[in-house]
Amino acid sequence: MKKLKISYPWDKIAEGESFFVPAVDPAKVKHEGLVAALHLRIKATAKLGLYNGKHGVLFTKRLVTHRGKLKQS
């Protein structure tokens, strides 16, 4: 079986912005996306869900203050 390479645009989005990745196996995509963010030292969240009838994961780059603490939303 051919494995698809997913490109996570962590460096192209600003803090507080999100992007959706459609997936057949959302749990695996969630894990891989959060690991990719961790390697870039980005604090992120991931939520499984539906968007326009497609299963997938919504990734959000979290807001961080200048001291590295997370802002309250």
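A pocket, as the word is used here, is an open set of grid points at which a 1.4 Å probe fits, with protein on both sides within 12 Å along at least five of seven lines. The exercises below concern a predicted model.

**Exercise 1. Describe the largest pocket: what is its volume, and which residues lie closest to its centre?**

Solution. Begin with the volume, which for the largest pocket is about 340 Å³. Of the 12 residues that line this pocket, Lys3, Leu4, Ile6, Lys28 and Val29 are the closest to its centre. Turn next to the secondary structure, where helix 1 gives the most to the lining, with 3 residues. Finally, sort the lining by class, which yields 7 nonpolar and 5 charged residues and no polar ones.

**Exercise 2. Describe the second largest pocket in the same steps: how much space lies in it, and which residues line it?**

Solution. The space in the second largest pocket comes to about 190 Å³. Its lining includes Leu34, Ala37 and Leu38, along with Arg41, Ile42, Lys43 and Ala44. Helix 1 again gives the most to the lining, with 3 residues. By class, the lining of the second largest pocket holds 6 nonpolar residues, 5 charged residues and no polar residue.

**Exercise 3. Which elements does the protein have, and in what order do they run?**

Solution. Count the elements, which gives 1 helix and 3 strands, and then read them from the N terminus on, where the order is β-α-β-β. As for the contacts with a separation of 6 or more, 55% of them are accounted for by residues 24 or more positions apart.

**Exercise 4. Which residues form the largest nonpolar core, and which elements each supply at least two of them?**

Solution. Start from the background that, in soluble globular proteins, nonpolar side chains tend to be buried together. In this model, buried residues make up 22% of the 73 residues. The largest nonpolar core has 12 residues, among them Ile13, Val21, Val29, Ala37, Ile42 and Val57. Strand 1, helix 1 and strand 3 (54-61) each supply at least two residues of this core. Take alanine 37 as one member: leaving aside its neighbours within four places in sequence, alanine 37 is in contact with Trp10, Ile42 and Ala44.

**Exercise 5. Why is the pair of tryptophan 10 and phenylalanine 19 edge-to-face?**

Solution. A pair of aromatic rings is described by the distance of the centres and the angle of the planes. The count of aromatic pairs comes to 5. For tryptophan 10 and phenylalanine 19, the ring centres are 5.0 Å apart and the planes stand at 75 degrees, so the pair is edge-to-face, given that planes over 60 degrees apart count as such. Tryptophan 10 is buried, because its relative accessible area of 0% is under 20%; phenylalanine 19 also counts as buried, at 10% relative accessibility. Both residues belong to one aromatic cluster formed by Tyr8, Trp10, Phe19 and Phe59.

**Exercise 6. Where do arginine 41 and asparagine 52 lie, and are they buried or exposed?**

Solution. Arginine 41 lies in the loop between helix 1 and strand 2 (44-51), and its phi is near 60 degrees, a positive value in a residue other than glycine. Its relative accessible area is 80%, which is over 50%, so arginine 41 is exposed. Asparagine 52 lies in the loop between strand 2 and strand 3, has a positive phi of about 55 degrees although it is not a glycine, and is exposed, with a relative accessible area of 66%.

Note on methods. Residues are numbered from 1 along each chain as its sequence is written. This is a predicted model: local features need pLDDT of at least 70, side-chain atom pairs count only at pLDDT 80 or more; totals for chains, interfaces and linings use all residues. Side-chain values use heavy atoms; hydrogens and water are left out. On a 1 Å grid over the protein atoms alone, a cavity is a set of points where a 1.4 Å probe fits but cannot get out, and a pocket is an open set with protein on both sides within 12 Å along at least five of seven lines; lining residues have an atom within 4 Å of a point. Grid points are joined across faces, edges and corners, and a volume is the space filled by probe spheres set on the points. Helices (H or I, at least four residues) and strands (E, at least two) are DSSP runs, numbered from the N terminus. Ala, Val, Leu, Ile, Met, Phe, Trp, Tyr, Cys and Pro count as nonpolar, Asp, Glu, Lys and Arg as charged, and the others, Gly among them, as polar. A nonpolar core is a set of buried Ala, Val, Leu, Ile, Met, Phe, Trp, Tyr and Cys residues joined through side-chain atoms within 4.5 Å. Buried means under 20% relative accessible area, exposed over 50%, partly exposed in between (1.4 Å probe, protein chains only). Contact means heavy atoms within 4.5 Å. Rings of Phe, Tyr and Trp (its six-membered ring) pair if their centres lie within 6.5 Å; planes under 30 degrees apart count as stacked, over 60 as edge-to-face and the rest as tilted.
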